[in-house]
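Reader: Thanks for sitting down with me over this one. Could you walk me through the model, one question at a time?

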Amino acid sequence: MRHRVQVPAPNSIDIILVGDGAAPTWPLGEVHRSTATPPGVADALASAVHRPCRAVLLWDPALGQPDVEVVEELSHRTAEVFHAGLSLGQAGRPRPVDFIEPMWMHNCDAPADVESTSWRLTFRACLIRRAVLEQMRGPYAGFHSLDAAALELGFHWLRRGVFVRHSPLLVRHAS
């Protein structure tokens, strides 16, 4: 008897678990793992380009179960990247940007409970359309800090026209 290989639909949303922890139930696509390091996330995102999914959710298992309905709804909105960076401690970081570009309109953060355009993303809760991964570079693997790698990538993407949004919904309903 031959085993049938199940190929995910191009409409699926794969999840990449960043770090250790129990895998949540994920009905929208394949489940993959990455170490919680810049090289690990860079490699995981680079391989996501070669899978037939429409989006990838980076998720820290310590946050619990992601809300599948919220992820599905966000994936159909206009933005290309949704993250929970302001809700998970990235607000106001890094401080030197206040001195380098003090008048830049994206230098001021909205409250963490408000959806807003924000480059201050996190890899702990981040939904990315595959098209972004195909057309833009991923995170630099040379960073020592995962947070710094995420901030730099969010800054890079926003500056190059990617529609990057903070959405508190990503973590508000996580269990």
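Reader: To start, how many disulfides does a search of the whole structure find?
Author: Happy to begin there, and please keep in mind that this is a predicted model. Cys 53 has a relative accessible area of 3% and is buried, and Cys 126 is buried too, at 0%. A disulfide would need a pair of cysteine sulfur atoms within 2.5 Å. The search of the whole structure gives a count of zero.

Reader: What order do the elements of the protein chain follow from the N terminus on?
Author: The protein chain has six helices and seven strands. Buried residues account for 47% of its 175 residues. Read from the N terminus, the order is β-β-α-β-α-β-α-β-β-α-α-β-α.

Reader: What share of the contacts with a separation of 6 or more comes from residues 24 or more positions apart?
Author: One example of two residues far apart in sequence is Asp 147 and Pro 38, 109 residues apart along the chain, whose C-alpha atoms are separated by 8.8 Å. For the contacts in the protein chain with a separation of 6 or more, the share from residues 24 or more positions apart is 75%.

Reader: Which strands are at the edges of the open sheet?
Author: The sheet is open and mixed in its pairing, with seven strands in the order β2-β1-β3-β6-β4-β7-β5. An edge strand here pairs on one side only, and that description fits residues 31-34 and residues 116-117. Those are strands β2 and β5.

Reader: Is β1 largely enclosed by the rest of the structure or exposed, and why?
Author: Ser 12, Asp 14, Ile 16 and Val 18 point one way from β1, while Ile 13, Ile 15 and Leu 17 point the other way, and all are buried. Because seven of the seven residues of β1 are buried, the strand is largely enclosed.

Reader: How many bridges join β1 to β3?
Author: On one side β1 pairs with β2, in the parallel sense, over four bridges, and there Val 18 stands opposite Ser 34. With β3, Ile 13 has Ala 55 as its bridge partner. β1 and β3 also run parallel, and the number of bridges joining them is six.

Reader: In which sense do β3 and β6 pair?
Author: β3 is largely enclosed by the rest of the structure, since seven of its seven residues are buried. Trp 59 has its bridge partner in β6, namely Ala 125. Five bridges link β3 and β6, and the sense is antiparallel.

Reader: Which residue in β7 does His 83 stand opposite?
Author: Strands β4 (residues 81-83) and β7 (residues 164-166) run parallel and are joined by three bridges. Opposite His 83, in β7, stands His 166.

Reader: Is Arg 165 buried or exposed?
Author: Arg 165 sits in strand β7. Among the residues it touches are Ala 79, Val 81, Phe 82, His 83, Glu 115 and Ser 116. With a relative accessible area of 18%, against a cut-off of under 20%, Arg 165 is buried.

Reader: And is Asp 147 buried, exposed or partly exposed?
Author: Asp 147 belongs to helix α5, residues 146-159. Its relative accessible area is 27%. Buried means under 20% and exposed means over 50%, so Asp 147 is partly exposed.

Reader: At about what angle does helix α2 run to β6?
Author: Let me bring in helix α1 as well: residues 38-48 lie across β1, β2, β3 and β6, and α1 runs at about 165 degrees to β3. Helix α2, residues 68-75, lies across β1, β3, β4 and β6. The angle of α2 to β6 is about 35 degrees.

Reader: Which elements give two or more residues to the lining of the largest cavity?
Author: There is one cavity of 30 Å³ or more, and the largest has a volume of about 40 Å³. Its lining is made of Ala 55, Leu 74, Ser 75, Ala 79, Glu 80, Val 81, Phe 82, Leu 127 and Arg 129. The elements that give two or more residues to this lining are α2, β4 and β6.

Conventions: Residues are numbered from 1 along each chain as its sequence is written. This is a predicted model: local features need pLDDT of at least 70, side-chain atom pairs count only at pLDDT 80 or more; totals for chains, interfaces and linings use all residues. Side-chain values use heavy atoms; hydrogens and water are left out. Buried means under 20% relative accessible area, exposed over 50%, partly exposed in between (1.4 Å probe, protein chains only). Two strands pair if DSSP finds at least two bridges between them. Contact means heavy atoms within 4.5 Å. Axes are lines fitted to C-alpha atoms, for helices over the stretch in contact, and angles run from 0 to 180 degrees between N-to-C directions. On a 1 Å grid over the protein atoms alone, a cavity is a set of points where a 1.4 Å probe fits but cannot get out, and a pocket is an open set with protein on both sides within 12 Å along at least five of seven lines; lining residues have an atom within 4 Å of a point. Grid points are joined across faces, edges and corners, and a volume is the space filled by probe spheres set on the points. Lists of a residue's contacts leave out its neighbours within four places in sequence.
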